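Look through the sequence and the coordinates before reading on. The paragraphs below go through a helix packing, some salt bridges and a glycine in a loop.

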Amino acid sequence: MITYKEAGVNIEEGYEAVKKIKSHAKKTMSSLVLNSIGSFASMVEIPKGYKNPVIVSGTDGVGTKLEIAFAMNKYDTFGIDCVAMCVNDILCHGAKPLLFLDYIACGKLNANVASDIVKGVSDGCLISGCSLVGGETAEMPGFYKDGEYDIAGFSVGVVEKDKIINGKDIKEGDALIGISSSGPHSNGYSLIRKIVDNLEVELEGEKLGDILLTPTKIYVKPVLKILEKFEIKGMAHITGGGFVENIPRMIPKGYSAKINKNSYEIPAIFKYLMEKGVDEEHAYNTFNMGIGFILCVEDNLKEKVVKELSLMGEKAYVIGSIISGGDGICLE
């Protein structure tokens, strides 16, 4: 007789992981959650006050940034990245995140590592104001190498139907406001890993490995506050594809974004990557270049919105405007 453990799956370690994970998930639970971790599915009420609520969902992973975490033996931050990549996306349509689920896969499960990973997920949920209501941990020996983990997530949010932001009212002359990123976030790491060969190198007094592991910034709370005070016409989360692919996603056909590259100081990490061989055009098509989230507003609101974001501790800049015609984006 052969057992599941002899095949490489340790059920007892899985039980221990679930036990440790539950304490992290419990911190995120809101009064809208109707059941606890352990059920076959999770149930969350839509908050009261919505007349015509629309469910908005998004899913994403962390990508090869995980390789940096493995090299640094640090597992408790990339869960934040996983949450951020999902909630920032649904935020682009004005949705408030309600719940999050994660999927963690590995070759050999270590309950302490799994707990560290979910701690990061829990931290991300607390930052974004949503509940970690469930997930799945899959141990697949022979499929993943021992010591390696993968993670993906899924978020659900809600927005009033007549408050959905989809860029349809964007017009020529509208202003573009960029909110600073915390670093490369979770994009471009396949390229970064090709050109960075020493994570111990110091950049402005900090190890490169630590800079590259800085979690993706979560924009939910400050942007939701902005939405309460100002009319926002469009929003873009600057993820894979950088400025070039993501900014045009919020703009109607017939218009383009004209971006002033000198409107803010490009962070040192991106200058370093360009010094290592990434040309500027490719950089703007791969990285966020220091701007992680963009708002489109009427020109007469731009200074007010920037000031409001600054009062919330966010670094924000007027980085460009909407023009007629073009190919979606113009970098100057």
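Is Ser115 buried or exposed? In this predicted model, Ser115 is buried, since its relative accessible area is 10% and the cut-off for buried is under 20%. The residue belongs to helix α4. Apart from neighbours within four places in sequence, Ser115 has contacts with Lys20, Ile21 and His24. Those three partners are part of α1, and they appear in the list of residues through which α1 meets α4.

The packing of these helices can be described as a whole. Two packed helices are characterised by the angle between their axes and by the distance between those axes. Helix α1 covers residues 11-26 and helix α4 covers residues 111-128; their axes are 8 Å apart and form an angle of about 25°. Angles under 35 degrees count as roughly parallel, so α1 is roughly parallel to α4. The crossing of α1 and α4 is right-handed.

On the α1 side, the contact is made by Glu13, Glu16, Ala17, Lys20, Ile21 and His24. On the α4 side, the residues are Ala111, Asn112, Ala114, Ser115, Val118, Lys119 and Ser122. By class, the residues of this contact comprise five nonpolar, four polar and four charged.

The next topic is charge pairing. Side chains of opposite charge can pair when their charged atoms come close. With a salt bridge taken as a side-chain nitrogen of Lys or Arg within 4 Å of a carboxyl oxygen of Asp or Glu, the model has 15 salt bridges.

One of them joins Asp76 to Lys74, with 3.2 Å between the closest N and O atoms. Both ends of this pair are partly exposed: Asp76 has a relative accessible area of 23%, and Lys74 has a relative accessibility of 31%. Another salt bridge connects the side chains of Lys207 and Glu200, at 2.9 Å from N to O. Here too the partners are partly exposed, Lys207 with a relative accessible area of 34% and Glu200 with 47%.

Which parts of the chain does the pair of Lys233 and Glu298 tie together? The side chains of Lys233 and Glu298 form a salt bridge with an N to O distance of 3.0 Å. Lys233 sits in the loop between α7 (220-229) and β8 (234-237), while Glu298 sits in the loop between β10 (291-297) and α11 (302-311), so the pair ties together parts that are 65 residues apart in sequence. Lys233 is buried, with a relative accessible area of 7%, whereas Glu298 is partly exposed at 27%. Through shared partners, salt bridges join Lys171, Asp174, Lys233 and Glu298 into one network.

Finally, consider a glycine. Gly173 is found in the loop between β4 (149-160) and β5 (175-180). With a relative accessible area of 34%, Gly173 is partly exposed. Where residues up to four places away in sequence are not counted, Gly173 touches Asp299 and Ile322. A distance across the model can be given from the same residue: the C-alpha atoms of Gly173 and Gly58 are separated by 31 Å, and the two residues are 115 residues apart along the chain.

How values were computed. Residues numbered from 1 in each chain as written. Predicted model: local features only at pLDDT ≥ 70, side-chain atom pairs only at ≥ 80, totals over all residues. Heavy atoms only, no water. Axes fitted to C-alpha atoms, helices over the stretch in contact; angles between N-to-C directions. Helix = DSSP H or I, 4+ residues; strand = E, 2+ residues; numbered from the N terminus. Parallel < 35°, antiparallel > 145°, perpendicular 65-115°, else oblique. Left-handed = near helix turned anticlockwise from the far one by under 90°. Contact = heavy atoms within 4.5 Å. Nonpolar A, V, L, I, M, F, W, Y, C, P; charged D, E, K, R; others polar. Buried < 20%, exposed > 50% of the residue type's maximum accessible area, 1.4 Å probe, protein only.
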